[in-house]
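Thanks for sharing this one; let's walk through it together, question by question. Could you put the sequence and the model up first?

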Amino acid sequence: MTTLFEKIINGDLPCEKVFENDRIIAFKDIFPKAPVHILIVTKKVIPNLQSMKEEDLPLIGEIVKVAQQLAQEFGLEEEGYRLLTNNGNHAGQVIHHLHFHLLGGGPLGRMVG
Ligand code: AMP
């Protein structure tokens, strides 16, 4: 089944894009949980972290680089930010297409609520 993020990647759904290259797209979360809440999404269809194959692992390094760049652009470097991925039901993953949340711009509270 096509996920909502595939529709965004294919241009069938709008998004507030903040980064894009051949492998990764990043856009603002539609229901932000922090003053800055950006989703960093692989263009390759990978359901979650656990299902990544060996050949996909370089994407993790690239996601970190994109997060660093966006943190700089959005002024998160000094006070800090959180980069996380929800893997599966217990983590509350809703969209089964690999993505990382970049959160910041204010105190984020404890890691697990
Ligand atoms: P997760 O719970 O980790 O699967 O996160 C999915 C995220 O996607 C949630 O934070 C939603 O607010 C966000 N989201 C859902 N629909 C959209 C959309 N159309 N554009 C941007 N973000 C979305």
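Q: Is Leu 102 buried or exposed in this predicted model?
A: The model is a predicted one, and Leu 102 lies in strand 5. Its relative accessibility is 0%. Residues under 20% count as buried. Leu 102 is therefore buried.

Q: Which residue lies 4.7 Å from Leu 102, C-alpha to C-alpha, although 19 residues apart in sequence?
A: Leaving aside neighbours within four places in sequence, Leu 102 is in contact with Tyr 81, Arg 82 and Leu 83, among others. Strand 4 spans residues 81-84, and it pairs with strand 5 in the antiparallel sense over four bridges. The residue at 4.7 Å from Leu 102 is Leu 83.

Q: Which residue of strand 5 does Tyr 81 stand opposite?
A: Strand 4 covers residues 81-84, and strand 5 covers residues 99-104. These two strands are antiparallel partners. The residue opposite Tyr 81 is Gly 104.

Q: How many of the residues of strand 5 are buried?
A: Let's take the two faces in turn. On one side sit His 99, His 101 and Leu 103, and on the other Phe 100, Leu 102 and Gly 104; all of these are buried. In a regular strand the side chains alternate between the two faces of the sheet. For strand 5, the count of buried residues is six of six.

Q: In what order do the five strands of the open sheet run?
A: The ends are a good place to start: strand 1 (17-20) and strand 4 (81-84) are the edge strands, each pairing on one side only. Further in, strand 2 and strand 3 are joined by five bridges, while strand 3 and strand 5 pair over six. The pairing in this sheet is antiparallel, and the order is 1-2-3-5-4.

Q: What is the bridge partner of Leu 39 in strand 5?
A: Strand 3 spans residues 36-42, and it has bridges to two strands that we can compare residue by residue. Towards strand 2, Ile 40 is the bridge partner of Ala 26. Towards strand 5, the bridge partner of Leu 39 is His 101.

Q: Which element gives the largest share of the largest nonpolar core?
A: This core has 18 residues, and Ile 38, Ile 40, Leu 70 and Leu 102 touch the most other members. Strand 2, strand 3, helix 2 and strand 5 each give two or more residues to it. Six residues, the largest share, come from helix 2.

Q: At about what angle does helix 2 run to strand 3?
A: Helix 2 comprises residues 58-73, and it lies across strand 1, strand 2, strand 3, strand 4 and strand 5. Leu 70 touches Ile 38 and Ile 40, among others. The angle of helix 2 to strand 3 is about 155°.

Q: Is Glu 62 in helix 2 buried or exposed?
A: Glu 62 is in contact with Asn 21, Arg 23 and Ile 24, leaving aside neighbours within four places in sequence. Its relative accessibility is 17%, and the cut-off for a buried residue is under 20%. Glu 62 therefore counts as buried.

Q: How much space lies in the largest pocket?
A: The lining has 30 residues, and those closest to the centre are Asp 29, Lys 33, His 37, Leu 39 and His 101. Helix 1, strand 2, strand 3, strand 4 and strand 5 each supply at least two residues of that lining. The space in this pocket is about 660 Å³.

Methods:
Residues are numbered from 1 along each chain as its sequence is written. This is a predicted model: local features need pLDDT of at least 70, side-chain atom pairs count only at pLDDT 80 or more; totals for chains, interfaces and linings use all residues. Side-chain values use heavy atoms; hydrogens and water are left out. Buried means under 20% relative accessible area, exposed over 50%, partly exposed in between (1.4 Å probe, protein chains only). Contact means heavy atoms within 4.5 Å. Two strands pair if DSSP finds at least two bridges between them. Axes are lines fitted to C-alpha atoms, for helices over the stretch in contact, and angles run from 0 to 180 degrees between N-to-C directions. A nonpolar core is a set of buried Ala, Val, Leu, Ile, Met, Phe, Trp, Tyr and Cys residues joined through side-chain atoms within 4.5 Å. On a 1 Å grid over the protein atoms alone, a cavity is a set of points where a 1.4 Å probe fits but cannot get out, and a pocket is an open set with protein on both sides within 12 Å along at least five of seven lines; lining residues have an atom within 4 Å of a point. Grid points are joined across faces, edges and corners, and a volume is the space filled by probe spheres set on the points.
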